[in-house]
Every structure is written in C-alpha cells, then in structure tokens.
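User: Please take a close look at one part of this model, the second largest pocket. Then connect it to the other spaces and the aromatic residues.

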Amino acid sequence: MGLLSANRLIRLVANGSTTLAIGLAVGCVAESGPPAPTGGESIGVQLRREEPQLREDVFRDLLDFESGSDSIFVKTNAPAAIDALHAHTGRSSLLISGGATSANVKLASLLSGQKFPGPWTLVGGYFYCTEPGQITISLSSDSVAKPPRRTVALIPGRWTPVLLDIARQPDQVVDSQFSGDLEFTIDNPRRGPIWIDDLMVVDNTRVWYESSATSADTRSDWTIRQRGFRTEVNSPGKFNLYLSMPETAESGWRTDEANAIRARFSSTGKQKLMTVYADGRQYLDGKLKILTEGQPADGLQSQHAKPGTIDIPEAMGSIKRDTVGDENNDAYNETRGAYQITATGPRLDLKISPASSKLISPVLEIEGLPKGTILVTMEGRLVSGVVRTKDDHVVIQLPGEIERETAVNITIR
C-alpha cells in the first residue's frame, strides 16, 4: 500500500505568508518510479515561482507525479509512465506516448467524496509537448447537467496550463458529491509524446470592488469580481454583466480599475476599451449603452454626443484635450464618459455648463490633486460621489441634473 503524496492544500498569499500543505492519504498499489523529493523546495513553493498568478490563489495539487502510485489515477488509451525527462515542478511528470488520444483522471477518487466544485473555480493541469497539438478538457459525470469544455493549443517546448472553468453557473456544475472523471481529449497529429504534471483545483476568486453593506449611497451598490475565466459586474436589481477574461479569448477583458463609481476594462481584441458606471452607463470604445431600465436614455445620449463646457481659473488648473479616447479634443473623454482635468494645487474651483438642455450626473476626472481628504461641494452642497483611483486620479460624479452654469469646488485637506 502506498500514499498519494500529491494531495496538498496550499494557500498562497501575495505578501509571502506561510504556505500550508496538508497531505491526504489514499490507499493504492505502488508501482516503480522516481522517489518523491526530499528536502529543498516544496511543490507548492515551486508552483508559486513557476506560475505567478497562483501567488494570490488558493489551490490544491491533486497529482504531482513524484510518486509512481500517482499514475493509477490516470487512465490512457496508450502506454503512460512516470518520467524524469521533463517536469513542471519536482523531479518527474507523467509521460504519455504519442499514440494516445485520451487521458481520464479519476477526479471523484481524488476528491474523496467532497462536494464539487465547492469553493473551486478551475480544474486542470499542465502539459508539455515536442510537437504542435491541442487538448480539450471536459468533465464526465451524471452530476453535471451541461458539462463545460474548453480546447487549448499546446506550444512545443513549453509547459501550457490546460484549465477548465468550473465556477458554478446555471445548468452547469452542481455543488454536490462528484462521481465522474476529468477528461483530456488529445489531438496530436504528429504523434509526439506528451507530459502531464501538477493536476490541481484552484480558487482564483478576486473581489475587485464590493459595496459596503452599511453604504447609504445606492448608486454604489455593486460588486466587481473575477471567478474562473470571467469577470462579473453585478448591480442587484439593476444589471448583470459577464466579461470573458484574456485567458480564454483574444477579445477577453482585463480589469484596470474598479471602485464605487465605475469600473474600467481593456482588451487586445477588436473592442479595446470599456467603462461601466454603477448607475448602469456603459461606454464601449466611445459608444454609450444604457444597461439599466428607467435611465433617461435620451438625455444621456444627448450629453454624450454634445458634452458640456468647463471653465477653470488658469492659476488653479486646466482641461486636458489630448487624452486617449477623447474623440473631439474637447476634454470630454468618450471612452471614459468623463471630463478630463489637471489641477495645479490642493484647491480647484470650476464651473460646468450644459451644451444641450442639461447634464445628468456628469463625471469629472482630475489629475494632479495632492493626497489628503477630498472635500467636494456643488453650489455649496456636499458631493458624496468621490473616489481616488490607483493611478491617483480623483473621480467625481456630480449628482442630479445640471441645467445652467454650476460652480464646483474641490479642496484637499
């Protein structure tokens, strides 16, 4: 009888906190293979070094193929054996001969009756090849209504992550005792050998912004978070937006900013820039779309097409006409839905006026304000919609409708 040395629970924290590893014993018949590493770096530490994205994730390494017994959990339709020629971490991996077209992992046995997916959002492993090919990863189980699947191209000479999104979604993975396999379908035209290492489950959840339960400002009642291979932008009772991430699509979106007022995303796909406001305004490459029913769509479209004007004393700052996304060089950035301003000191007085009939909750984005407490008033009334972004811009969403020239005062204390 042998022990499954690969079952470890590892929490990796960005600040380098302690790594916790828990080995789970599984009875099995051992076969010959390289001994597990003794001393030196653990598999968890090596994974954190090789895969930087895992530094902030919780993951469990199910099979690391350091023990010959690990191979009994993988069924292939061609010869396979523990091999020391290539390893993602540790000393060895599982070598599958070039004639193989499938490799099934006994996931239910490795999870030992636990609920699935439970907290996990991704499942899969790392593949190495010498010839071009591709792997399709899927689940096979009666407990999965509509099993998700994904195809990943392998790059010769490089370890490629082949991971499947298992974050619970309607009609997909159910949170119950799992009773099936993790399936890899191999498309390998040149029949080159393939190596598998570090089969794991991962929780890659990131909460970019979540409104406080005690917040009185319902405009900020939303959550932006990453789960699996998508980013969720959810405003209860208003709108839900789901964005693919770059890991799964060239058109996927990266989160650049997330706060109480807005979230900004960028992509290398056909569509490049997206800004979403908590009140339901979406600006996609400069085009405005209203996500929330009941918003004054005509008024918002009118002010977007014909922005207002801003007057600033020269000694206090200036408007910026050259930001990326400003289509008309008028200091209104269509891709951000915000007026761009530069401040030269801790105080900024300005006047904003509509060019059409009115402005509806216009947004000011100001650079150059020093750090400190931000106090904003409009016609003497305190403005609560204020945030400072990670790139040190101050974003202010003015409340209500502006039908005439209106004074706004910003002070840093």
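Analyst: Strand S19 gives the most to the lining of the second largest pocket, with four residues. This is a predicted model. The full lining consists of Trp-208, Thr-255, Asp-256, Glu-257, Ala-258, Asn-259, Arg-264, Arg-388, Thr-389, Lys-390 and Asp-391. By class, six of these residues are charged, three are polar and two are nonpolar. The pocket encloses about 230 Å³ of space.

The largest pocket comes next. Its space is about 470 Å³. It is lined by 24 residues, and the closest to its centre are Gln-53, Asn-204, Gln-226, Met-245 and Glu-247. Strand S19 (254-258) appears here too, among the elements that give two or more residues to the lining. The others are S8, strand S11 (160-165), S14 and strand S15 (206-210). The class split of this lining is 13 nonpolar, five polar and six charged.

Two of those strands also carry an aromatic pair. The structure holds six aromatic pairs. In one of them, Tyr-128 and Trp-195 meet edge-to-face, with 5.8 Å centre to centre and 75° between the planes. Tyr-128 belongs to strand S8 (residues 122-129) and Trp-195 to strand S14 (residues 194-203), so their pair ties together parts that are 67 residues apart in sequence. Both partners can be placed by accessibility. Tyr-128 is buried, at a relative accessible area of 13%. Trp-195 is buried as well, at 4%. Trp-159 joins Tyr-128 and Trp-195 in one aromatic cluster.

Another pair is tilted. Tyr-332 and Tyr-339 lie 5.0 Å apart centre to centre, with 55° between the planes. Tyr-332 is buried, with a relative accessible area of 4%. Tyr-339 is buried too, and its value is 4%.

That tilted pair leads to the enclosed space. There is one cavity of 30 Å³ or more. The largest cavity has a volume of about 40 Å³. Tyr-332 and Tyr-339 both line it, together with Arg-281, Tyr-283, Gln-303, Gly-337, Leu-359, Pro-362 and Val-363. The lining of this cavity has six nonpolar residues, two polar and one charged. Arg-281, one of the lining residues, also lies over the face of Tyr-277, at 5.3 Å from the ring centre.

Back to Trp-195, from the side of a contact partner. Leu-95 lies in strand S5 (residues 93-96). Leu-95 is partly exposed, with a relative accessible area of 24%. Beyond its neighbours within four places in sequence, Leu-95 is in contact with Trp-195, and also with Pro-193 and Ile-194. Its remaining contacts are Pro-79, Ala-80, Ala-81 and Asp-83. The C-alpha atoms of Leu-95 and Asp-197 are separated by 9.1 Å, although the two residues are 102 residues apart along the chain.

To return to the pocket you asked about: its lining has six charged residues, among them Asp-256, Glu-257 and Arg-264. Strand S19 supplies four residues there and also gives two or more to the lining of the largest pocket.

Terms used:
Residues numbered from 1 in each chain as written. Predicted model: local features only at pLDDT ≥ 70, side-chain atom pairs only at ≥ 80, totals over all residues. Heavy atoms only, no water. Phe/Tyr/Trp six-rings, centres within 6.5 Å; stacked < 30°, edge-to-face > 60°. Buried < 20%, exposed > 50% of the residue type's maximum accessible area, 1.4 Å probe, protein only. Lys NZ or Arg CZ within 6 Å of the ring centre and 35° of its normal. 1 Å grid on protein atoms, 1.4 Å probe; cavity = no way out; pocket = protein on both sides within 12 Å on 5 of 7 lines; lining within 4 Å. Points joined across faces, edges and corners; volume = space filled by probe spheres on them. Nonpolar A, V, L, I, M, F, W, Y, C, P; charged D, E, K, R; others polar. Contact = heavy atoms within 4.5 Å.
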